[in-house]
Every structure is written in structure tokens, then in C-alpha cells.
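Visitor: Pick one place where two helices pack and go through it with me up close, please. I'd also like to hear about any ligand around there.

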Amino acid sequence: MHDPFAFGDQFGPAQVIHVQIPKLGLKGVLVVDNVAAGPSIGGLRMATDVSAEECFRLARAMTLKNAAAGLPHGGGKSVLMGDPRMPIAQKEQWIRGFAAALGDNQHYIFGPDMGTNEQCMAWVKDEIGRSVGLPREVGGIPLDDIGATGFGLARATEIACGRIGLDLKGARVAIQGYGAVGRHSARFLAERGAVIVAASDSRGTIMDAKGLDLAALNAIKAAGKSVAEAKGASRGSVDDILDVACDIWIPAARPDVVRADNVDRLKTRLVVQGANIPITVEAERFLAERGVLVIPDFIANAGGVICAAMEYIGASQSAALAAIDEKISRNVEEVLFNAEKNKVLPREAAHSLAIARVKRAMETRRWGIV
Ligand code: NAD
């Protein structure tokens, strides 16, 4: 970002801070986008090819995501330009150094992202007393272990089913990406009576119209194997998950997996997005025209960030789950109501909802975005 003002608009960024520590060979950037609703929460990404521009785009996405989730937090993001697989002692120095350099900036709360984890957040907390996504031993709520995002996704699915007259009990569900989000979504949906008829990972797909044995799948994944190695069901390639006849299709793997060139393969009534931007805008529009309801990512997968915000105020795990339940239910209801009323896609309704909340928060502040 040669001109740090190039991306500025009415919503931010409020601050762009470049950090350099020559002794460590460290370079990093913090973008505080908009803190009208409260101090920003956003992940620290560590990768060799991250730029200030990417940091800004991710910070803006957090402003909208946190507003859409109804959290008292703005959006920010930080990046460290380095290999996250560097020796652990060096990584600790980098993360501690970066945190110390930004420690006085009360506008930003560090969270984990690509290349960083709970351990890194514990170093940040030790250094500056402020981070989320911590290990349980220092007050964290391990959101991937408890399935915070999958729990919220199941709740979003329940509300959406009510909207289209689909009985979740007995509904057939296919899950792309049986990882932290996919596995817990499967569990919470099965608990509500849904039948998980297919699941995939980066190595293949497993299908069974009578319902997969989730305990067996979890054991296989825990042993480091692929779901496609599960016994007693039919197997397919990674892409075969797209063709599974189902009522609910859940992408929980990678961005842009459903595009204009393959969207016609989906045979479902409802898509609930666990992954971030799994479906291109064009494909989302095509699905809407075919009468398939799509619940957008930043509404459906907000369970993780809601959990992190609850952790920040020292809430218990059960209080965090209650907050996820309440916020996601209300948001899905509101987004679907507005989408229908204004005849727009749920994604557009969700975006408008987030922007309206950011604007209202800005009106309460003397300086607008800070
Ligand atoms: P994860 O690494 O635990 O799981 C990802 C799974 O997807 C793995 O099983 C992997 O094998 C599988 N996968 C990879 N490529 C695939 C492909 N082409 N086809 C099918 N499966 C494939 O990651 P996660 O934490 O579950 O995150 C999944 C997605 O959800 C990401 O897009 C992430 O950004 C998003 N997300 C995660 C959270 C969270 O709380 N973890 C919150 C919001 C959004």
C-alpha cells in the first residue's frame, strides 16, 4: 500500500500502523478499520506473501462481520510478513515483539488467524494483557474443540429450515470439508434429527443414503486418515460431494468451491455457508433463481467470533454458546425477513444490515470511526 489513504472511505481505516523491528528482521502491519462499535477484534495472519492491502481488506471484512454478528466490536486485522513455520523460539520473539510494539493501541484485540494459534495468543496476552482465542488454562474457550462455529451453523440451519418449510428431522445433509466446522456442524445437526448422507475432505467423499456413522468418521479423522477410508458406504472423489442429492448442503472447506461452471451440479434446497466465500456471487444468484435458499457466510459462521468476544469479557463456555444461539437466530431471522421484503439476496440483506449497524454506531461517536 504505497498510499495508505488509497483505500480510505467513510468507514475507515482509522489507523494503518507499519511496524519494523530490524533486530528481529520483523515487518508487520496493523489496520484498525472502524472502532465505532468498540475495540476491533481481528486475527493476526502470518505468511510470507501478506501485504498491507490484504490486511486492509481483511480488516474491513471484520468490521462488517462483527457488526453483522451484533458484537460491540469494530474490525481490525494484523499481518506479519514471515514464514509461520519458522523455528518456534524465533516465532515467539516475533509475536512478542510485534505485540509489544502495538501494546499501547487499545483499539485492537489480537485473535488467531492463518499461521497463528492459541499458543501465539497466549504470548500476546502475556506481553500486553489483551488477546482472544486463548488456551483454556489462561481463560480461553477453545472454540474449535467445543464447535462454536458448527453450533451456530446448526442454529442458522434450523431457522432457515423453518423459513422454507423443511423439517430438519429426517432432512438429508451433505457436508463439504469434514474439519473443525464441518465435523461439529454434522454433530449438532444430527442431534436435531438430520441425517448426514455425505461428507468430504481434501482426499475424497463418503456417502450413505441411510446416514453416516459420525463416531466412526471422527475416529478416522483423529487417526489422520480421510473420510473416504470409512467402511460400509460408497466412496467418491473430492468433487463428488457436489452431486449428492440432499436437502441441505454445507460448504465448510475452501473459498470459491461453487462457481458458475459447477453450480448446476448442486441438488439441494438449502445451502448454509460454513466456509468463508465458498460460493461466487454469480453462482449464488443462480441458486436464488432456482429457488435454493443460501445463508451467507458472515451470518451463518459467526459462532467463532461471537465465542471470542464472549471469551474477552471473561464469560463462561455456556454463556458463549447462549450468545451464539441468540445472536445467530436473530440475525438469520432479520436477514431473511429483509431479503424477502426488499427482494434481494440474503447476502445483500446481510451486508445492508451490517452497514446500517456500523452507521448507527458511528452516529454515537464524536469522531465517527474512532
Ligand atoms: P479445518 O482445517 O479444520 O477443516 C477444513 C476441512 O476441509 C479439512 O477436513 C480438509 O481436508 C477439507 N478440505 C480442504 N480442501 C477441500 C476440498 N477441496 N474439498 C473438500 N474438503 C476439503 O478448517 P475449519 O476451521 O473447519 O475451517 C473451514 C472453513 O471455515 C474455512 O474457510 C474457514 O475460514 C472457515 N471458518 C472457520 C471458522 C472456525 O471457527 N474454525 C469460523 C468461521 C469460518
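Guide: A word on angles before we start: under 35 degrees counts as roughly parallel, over 145 as roughly antiparallel, 65 to 115 as roughly perpendicular, and the rest as oblique. This is a predicted model, with pLDDT of at least 70 needed for local features and 80 or more for side-chain atom pairs, while totals for chains, interfaces and linings use all residues. Numbering starts from 1 along each chain as its sequence is written, and side-chain values use heavy atoms, leaving out hydrogens and water.

Let's zoom in on helix α5 (residues 148-164) and helix α6 (residues 180-191), whose axes sit 7 Å apart at an angle of about 50°. Helices here are DSSP runs (H or I, at least four residues), strands are too (E, at least two), and both are numbered from the N terminus. The axes are lines fitted to C-alpha atoms, for helices over the stretch in contact, with angles from 0 to 180 degrees between N-to-C directions. At that angle, α5 and α6 are therefore oblique to each other. Their crossing is right-handed, that is, the near helix is turned clockwise from the far one by less than a right angle (anticlockwise would be left-handed).

Now the side that faces the partner. From α5 come Thr149, Gly150, Phe151, Leu153, Ala154 and Thr157, and they meet Val181, His184, Ser185, Phe188 and Leu189 of α6, contact meaning heavy atoms within 4.5 Å. Six of these contact residues are nonpolar, five are polar and none is charged. In that split, Ala, Val, Leu, Ile, Met, Phe, Trp, Tyr, Cys and Pro count as nonpolar, Asp, Glu, Lys and Arg as charged, and the others, Gly among them, as polar.

As for the ligand, there are 21 residues around it, and Thr149 and Val181 are among those that come nearest, along with Asp144, Ala180 and Ser202; to be near, a residue needs a heavy atom within 4 Å. Ala180 has a backbone N or O atom 2.9 Å from a ligand oxygen, a polar contact (a pair of N or O atoms within 3.5 Å). A backbone N or O atom of Ala253 is 3.1 Å from an oxygen of the ligand. Asn276 brings in its side chain, where an N or O atom lies 3.1 Å from a ligand oxygen.

Conventions:
Polar contact = N/O pair within 3.5 Å; in protein donor to acceptor, adjacent residues only side chain to side chain.
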